[in-house]
Amino acid sequence: MNPEPTKSAVIKYRKLYDISVVLGDQTTVYPDDSPFVLKKTMSLAAGEIADVSELRLSAHSGTHLDLPAHFFRGSPTTESWPLEKFVLPARVLRIRDPSSITRRELEQKGVPEKEALLFKTANSESGLLSSGVFSEDYVSLSMEAAELCLKKKAPLLGLDCSSLDRYGDFSYPVHRKVLRNGTLILENIDLKEVPEGHYT
């Protein structure tokens, strides 16, 4: 039996931000993915004992993680990853380039070592993720920028759109490079209200 902790295990934060995307009618769906569907199977309004719903969705619906198993057979799946891999020091970086996250801009900002990197781009401000209409024109991560992040040993890369790779590059080279390195990918994050800075 573990002894009682002498200090509170609760961490107090000054402010919490919900960076997940709301699932619903305005959920943007990546081409060929299944749309999000919420169907009531029981209803209090119909005189039944409870409200019960059925959900149908792609694993890429809304805010989601890509792990190496997404592209590499035999790689660990979600349940294989220890929880501490998901509690990380993080840096939100505001990206000015309207089309791509470039190595040059990251070098100008300074990329920290061993921190999760969340990229706040024009995608967040444009309402891209909540429009309900997929756009091929989103800010993606360049290979050169990805290589810099991996050199800095970033454990996770997060982006405010459906894919790290630019639309149309269906070999997904940036995904493959990042995931082969063991770095996790967090996609469809909403950073509109989140200032640049340090986070957990």
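1. Which residue in β9 does H64 stand opposite? The partner is E187. This is a predicted model, and the points below start from strand β9.

2. Strand β9 has a neighbour in β3 (residues 64–66). The two pair in the antiparallel sense, over three bridges. H64 and E187 face each other in this pairing of strands.

3. Strand β8 (residues 156–159) also pairs with β9, this time in the parallel sense and over four bridges. Here E187 appears again, as the bridge partner of L159. To get from β8 to β9 the chain passes through α4, and this β-α-β crossover is right-handed.

4. Now the side chains of β9. In a regular strand, side chains alternate between the two faces of the sheet. In β9, L184 and L186 point one way. I185 and E187 point the other way. All four are buried, the acidic E187 included.

5. Salt bridges come next. A search of the whole structure finds eight. One of them joins the side chains of K109 and E196, at 2.8 Å from N to O. K109 lies in helix α1 (residues 103–109), while E196 sits in the loop between β9 (184–187) and β10 (197–199), so the pair ties together parts that are 87 residues apart in sequence. K109 is partly exposed, at 31% relative accessibility. E196 is partly exposed too, with 42%.

6. A second pair is K177 and E147, whose side chains meet at 4.0 Å, N to O. K177 belongs to helix α4 (residues 173–180) and E147 to helix α3 (residues 143–151), so this salt bridge links parts that are 30 residues apart in sequence. K177 has a relative accessible area of 33% and counts as partly exposed. E147, at 34%, is also partly exposed. Note that α4 is the helix on the path from β8 to β9.

7. A third pair is D169 and R166, with 3.9 Å from N to O. Are these two residues buried, partly exposed or exposed? D169 is partly exposed, because its relative accessible area is 21%. R166 counts as exposed, because its relative accessibility is 53%.

8. Last, the surface. L23, L38, L55 and L57 form a nonpolar patch there. Together they have about 360 Å² of accessible area. One of them, L38, is found in strand β1 (residues 37–42). Why does L38 count as exposed? Its relative accessibility is 53%, and exposed means over 50%.

How values were computed. Residues numbered from 1 in each chain as written. Predicted model: local features only at pLDDT ≥ 70, side-chain atom pairs only at ≥ 80, totals over all residues. Heavy atoms only, no water. Patch = residues over 30% accessible without salt bridge, like charges linked within 9 Å, V, L, I, M, F, W, Y side chains within 5 Å. Areas by Shrake-Rupley, 256 points an atom, 1.4 Å probe, with all protein chains shown as cover. Buried < 20%, exposed > 50% of the residue type's maximum accessible area, 1.4 Å probe, protein only. Pairing = 2+ DSSP bridges. Right-handed = clockwise from strand over helix to strand, strands pointing away.
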